[in-house]
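Thanks for coming, everyone. Let me put the structure up, and then we go through how the pieces pack.

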Amino acid sequence: MAAAHPIWQTRPRGDQTSVWPRLRDHFAKSGAGLDLRQAFAADARRFERFSQSAPYIFGDLSKNRIDAVTEQLLLELAAECRIKAHRDAMFAGEPINTTEGRAVLHTLLRAPREPGPATGPDKLAAQRAQVHETLDAMLAFAESVRADATITDIVNIGIGGSDLGPQMAVQALDAFAIPGKRLHFVSNVDGHELAATLRHLQARSTLFLIASKTFTTIETMTNARSARHWFESQAGIGRADVARHFVGLTTNLAAAQEFGIHTTFGFWDWVGGRYSVWSAIGLPLAIAIGAEGFRAFLAGAHQMDRHFCTAPLSANLPVRLGLLDVWYRNFHGFSSRCVAPYHSALRRYPAYLQQLEMESNGKRVGLDGQPLAAGTSPVIWGEPGTNGQHAYFQMLHQGTDVVPVEFVTVARARHDLPGHQSMLLANALAQAQALMQGKADSGGHRNFPGNRPSTFLLLDDLTPQSFGALIALQEHRVFVSGSVWGLNSFDQWGVELGKVLAKDIEPRLASGAGAGLDASTAGLLARIRADY
Ligand code: F6P
């Protein structure tokens, strides 16, 4: 039974702590003017001091505008905000998603079948058993699809967390994918996307995965119905074939069955959509890299979970990154973070992180529903390097705004084309160096101010394990900053209003009735109606 005033509701927000004004003072005295070049010159051990190893990932934080005092104060902030207790409440399955009255247990999806050394009864035994039963069934199904030569194309229909995670993961781990299976992802309600995908498919050799936590999302249901209609209208296909060619990945098994789907893999309301790649939503990845690969992906994430739970806060990579995010957002006033993966297989990683960070921490009220005094989620954006260098890096080097950059690099290449990997890595290192060092030039146009911060995450190799660890790292750093900000990182009420209004507007496209709409919306509606 939960206590009357559980820890996750009574913790102070960061801006209510006694250390917050001290952080502000420190920023005013030395943080604002911290010069990275001088900081390196003054401390031969700065790189060691501000770098952090975690499972599969080395993080170099030394090119950030922090000093020993900043880190000490940020750790005091974490302590005052009772981050550890909040973290433990999440892992213990307490209902920390207060606005929806739910636990937040995506970490259980990657926990081993047997709990660690017993410290008491396993309170999550029932959920743990369900997780492994579903995982075993889903992985057996993935293996059967891999072995079935008649299936050549797998189409995942889903959006948001039911698309971004699996799509990113399938791309990222392409080097481990089974040949002969093409994976497609359709998310947008824009029919161009589905039509372009279907154009190249044969119904008999296609498997549709309908991925939706709720099985009510308008985009996914519209695409799923159109896919089913297309499928049934193909030569030699009957209604009965739907059952064999459509699979449901959802918490709403009844709705999937009603749709005509017989094969379903479930998950639970304690798995948030943007945290669901570890669940049945990961089926596309399991088909691509196999059961063993998928288990390795989970194991890598679990190792990061252990790091998050057991490493002291001062040597805890997700904690150090999450606190840095608070430092930049609330004291430096940096309102965005650029994500630069130097690996083309990580091309959907920035988009995935956009949902993870901005849907989790893009909130303006605290747990009590009252407006927050301090800023929250930064804007996340980016593209793989080196492409970004030829697009927006100009602004990062010489623009008026300072944008912290987070590089992700992978030392080992999985191709043997000579020269490419060294050029890629050299560019990543050079960009981080150039941002920090700058270059003095009397002519303003060629002057690089430097002192522009960046974090450098380095993986030895991009494998299922290391990739799982990277994604778990990002989940936990978002938890840490959200926890300091005192908001609920696990709901997303902000997406609701637009959905409701779209329902009202859609029939007006046919009827033309603009009554009750604002003049701009009514005017646009009239113009669109003339052409569509
Ligand atoms: O955009 C809102 C949202 O609820 C996301 O949180 C979620 O990942 C996405 O829609 C898709 O939801 P579902 O998996 O239920 O179709």
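Start with one crossing: helix α15 passes helix α18 in a right-handed sense. Keep in mind that this is a predicted model. α15 covers residues 349-361, and α18 covers residues 464-485. Their axes are 10 Å apart, and the packing angle is about 25 degrees. Angles under 35 degrees count as roughly parallel, so α15 and α18 are roughly parallel to each other.

Who touches whom? From α15 we have Tyr349, Tyr352, Leu353, Leu356, Glu357, Ser360 and Asn361. Across from them, α18 brings a list that includes Leu470, Ile471, Val478 and Trp485. Arg477 and Glu475 of α18 are also in that contact. By class, the α15 and α18 contact residues split into eight nonpolar, five polar and three charged.

Now stay on α15 and bring in a second helix, α8, residues 164-172. The axes of α8 and α15 come within 9 Å, crossing at roughly 155 degrees. That angle makes α8 roughly antiparallel to α15. The handedness here is left. Leu164, Gly165 and Met168 come from α8, and Tyr349, Ala351, Tyr352 and Gln355 come from α15. Five of these contact residues are nonpolar, two are polar and none is charged. Note Tyr349 and Tyr352. They are in the contact with α8, and they are in the contact with α18 as well.

Next, the sheets. Take the six-stranded one. What is its strand order? β1-β2-β11-β10-β8-β9, in an open sheet with mixed pairing. The edges are β1, at 51-54, and β9, at 379-381, and each of them pairs on one side only. On average, neighbouring strands are turned by 15 degrees against each other, direction ignored.

Walk across it from the β1 edge. β1 and β2 are antiparallel, with four bridges. Ser51 stands opposite Asp60 in β2. The two strands make a hairpin with two residues between them. In that turn, Tyr56 has a positive phi of about 70 degrees. Then β2 meets β11, again antiparallel and again through four bridges. Phe58 has Leu458 in β11 as its bridge partner. Jump to the far edge. β8, residues 336-342, pairs with β9 in the parallel sense over three bridges. There, Arg337 stands opposite Ile380 in β9.

What packs on this sheet? Helix α17, residues 420-437, touches β8, β10 and β11. Its direction makes about 160 degrees with that of β10. And α18 is back: that helix lies across β2, β8, β10 and β11, running at about 150 degrees to β11. So much for α18, which we met earlier as the partner of α15.

There is a second sheet. Five strands, open, in the order β4-β3-β5-β6-β7, with parallel pairing. β4, at 182-186, and β7, at 263-266, each have a single partner strand, so one side of each is left without a neighbour in the sheet. The average turn between neighbouring strands is 20 degrees here, direction ignored. In the middle of the order, β5 (206-211) and β6 (246-250) pair in the parallel sense over four bridges. Leu209 has Val247 in β6 as its bridge partner. Helix α9, residues 191-198, lies across β3, β4 and β5, at about 160 degrees to β4.

One more helix pair. α2 is residues 19-31, and α5 is residues 68-80. Their axes come within 9 Å and cross at roughly 165 degrees. Over 145 degrees counts as roughly antiparallel, so that is what α2 and α5 are to each other. The crossing is left-handed. Val19, Trp20, Arg22, Leu23 and His26 of α2 meet a set in α5 that includes Val69, Leu73, Leu77 and Glu80. The contact has seven nonpolar, two polar and three charged residues.

Last, the domain picture. Where are the bounds? Domain 1 is 57-101 plus 311-484, domain 2 is 125-287, and domain 3 is 494-531. The centres of domain 1 and domain 3, taken over C-alpha atoms, are separated by 38 Å.

That's my tour. Over to you.

Methods:
Residues numbered from 1 in each chain as written. Predicted model: local features only at pLDDT ≥ 70, side-chain atom pairs only at ≥ 80, totals over all residues. Heavy atoms only, no water. Domains from an automatic or database assignment. Axes fitted to C-alpha atoms, helices over the stretch in contact; angles between N-to-C directions. Parallel < 35°, antiparallel > 145°, perpendicular 65-115°, else oblique. Left-handed = near helix turned anticlockwise from the far one by under 90°. Contact = heavy atoms within 4.5 Å. Nonpolar A, V, L, I, M, F, W, Y, C, P; charged D, E, K, R; others polar. Pairing = 2+ DSSP bridges.
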